[in-house]
Amino acid sequence: MIPLTLAEIAAITSGSVTPGGEVGPGGVVTGPVVIDSRQVTPGALFAALPGERADGHDFAAAAAAAGAAAVLASRPVLGVPAVIVPDVTAALAALAKAVLDRLPGVIVAGITGSSGKTSTKDLTAQLAERLGPTVAPEGSYNNELGLPLTVLRADASTRYLVLEMSARGAGHIAALCDMAPPRIGAVLNVGRAHAGEFGSIDEVAKAKGELPEALPADGVAILNSADPRVLAMAARTPARVVTFSAERASAAHVRAADVRLDELGRASFLLLMGDAGAPVTLRLHGAHHVPNALAAAAIAAELGMDTRAIADCLSNATSRSRWRMELRERSDGVLVVNDAYNANPESMRAAIDALAQIARGGRRGFAVLGHMAELGDITAESHEEAGRLAAQAGVTGLIAVGEQARPVLDGARAQPGWRGEAIAVPDARAAVAAIRNRLRPGDVVLVKASRAAGLTEVAAGLLEEESR
Ligand SMILES: Nc1ncnc2c1ncn2[C@@H]1O[C@H](COP(=O)(O)OP(=O)(O)O)[C@@H](O)[C@H]1O
Ligand SMILES: [Mg+2]
């Protein structure tokens, strides 16, 4: 963070400094800004938040002992210099905005969409880092808390800020754009993620469109022209529009020709941008990473990177965030695909397509699927659809984990001609037990669900088998 005095922090957040609150050399907070007292380093600002299990205020003393310069809190904490504000989350937003105001040289690129935000953010960050000092969130720090914490990592040396922007309702992305005004905004897709909260897919589109809407006239809206709801956002932005599309024969500005998938579902293609073209081979698994890579390429081009350098860098980019199509091969050749970080109907389809692609190389495919959360009215049909897709992919075994995932088996059984085995199990441990004896060397197992289903344990369990 850029150094700020407690008085400055109080002025920015409409807070008050507790008496005796002058801290450190010159009373200056140098950052980082953290919400976990275990992450405090000397000079940090510890933001005390009410958590589900614990209240951050109870950790203020520990934060101070670890060297925190001050605490941002909603009530006084004994013996620790503090800025007291009515709402700590709102104060972080105000701080982020003020810090960015003082860093006019930083270019902010925002990324939103129903699926692929984290993957695209990770790719974009790896491209931007080639051009200059870049700040991007760890994992999915993409909401009203994660975004300001990320922004607050920027300092005078930062050139690029690559941000993931998520929404669970109207106005969320607009608020994030207010905190960190993007000059470049990419929208990946509009899907059924969080359909339960939004009500309908058109509401999702409306919310994601707040990113292009927030761009300035000299900004750039990067839109997926293969998704009609995204392309329609061109009419909602004052910014210049750059399109990308992974569809064959697309006329988008940024596109992929000759897309091929290898035996592990990794895509190779010719990246086409204007008149220039360069070959890319991704290290990420699944055809769905092609549009993500194109979006990242479009952003990097706007930052001034040439096509060849983009292609080269995309080919070297790795998956930085865990449990997204994470592949591990056991010594017996069994491939475990851990995609249990989250799930919605589109990412489920993408994962099953990748499973089918990998199985095409002669492996038998298994799908261990758990519940997809937050789908509201479309919950049952979405699970049936997942089962149907798995059956169409010809899986040898389909394991539904937990009561809520049961409809996937109905969907699969309804698929004519499917000869696989449909298995219902209550939990992750039972899933591992069920699949253990069915696996043969060289099989591939996809593990996918919303995080709450706890299926990363299935992948871990299957990988542990080896060490027995
Ligand atoms: N463009 C895409 N279309 C469909 N699914 C995708 C896409 N990109 C990523 N996914 C899948 O969606 C899940 C979440 O990916 P992630 O990059 O973390 O997206 P987000 O941050 O939007 O949740 C993973 O299972 C991933 O494989
Ligand atoms: Mg994410």
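Two strands are taken to pair if DSSP finds at least two bridges between them. In this predicted model, strand S6 (residues 70-73) and strand S7 (residues 82-84) satisfy that criterion, being joined in the parallel sense over three bridges. Within this pair, Val-71 is placed opposite Ala-82 of S7.

The two strands belong to an open sheet of five strands, arranged in the order S2-S7-S6-S5-S4 with mixed pairing. Its edges are formed by strand S2 (16-17) and strand S4 (33-34), each of which pairs on one side only. Helix H3 (residues 88-101) lies across S4, strand S5 (45-47) and S6, and the helix runs at about 120° to S6.

The model also contains ligand 1, which is surrounded by 18 residues; Lys-117, Ser-119, Arg-324, Asp-339 and Lys-448 come nearest. By class, the shell around ligand 1 comprises two nonpolar, 10 polar and six charged residues.

Several side chains place polar atoms beside the ligand. An N or O atom in the side chain of Glu-164 is 3.1 Å from an oxygen atom of ligand 1. For Asn-292, a polar side-chain atom lies 2.9 Å from a nitrogen atom of the ligand, while for Lys-448 a polar side-chain atom lies 2.8 Å from an oxygen atom of the ligand. Ligand 1 exposes 550 Å² when taken alone, and the protein buries 94% of that area. Helix H4 (117-131) and helix H13 (345-360) are the elements that give two or more residues to the surrounding shell.

Notes: Residues are numbered from 1 along each chain as its sequence is written. Chains are lettered from A and ligands numbered from 1 in the order in which they are written. This is a predicted model: local features need pLDDT of at least 70, side-chain atom pairs count only at pLDDT 80 or more; totals for chains, interfaces and linings use all residues. Side-chain values use heavy atoms; hydrogens and water are left out. Helices (H or I, at least four residues) and strands (E, at least two) are DSSP runs, numbered from the N terminus. Contact means heavy atoms within 4.5 Å. Axes are lines fitted to C-alpha atoms, for helices over the stretch in contact, and angles run from 0 to 180 degrees between N-to-C directions. A residue is near a molecule or strand if one of its heavy atoms lies within 4 Å of it. A polar contact is a pair of N or O atoms within 3.5 Å; within protein, one must be able to donate a hydrogen and the other to accept it, and residues adjacent in sequence count only if both atoms are side-chain atoms. Accessible areas come from the Shrake-Rupley method with a 1.4 Å probe; for residues, only the protein chains shown count as cover. Ala, Val, Leu, Ile, Met, Phe, Trp, Tyr, Cys and Pro count as nonpolar, Asp, Glu, Lys and Arg as charged, and the others, Gly among them, as polar.
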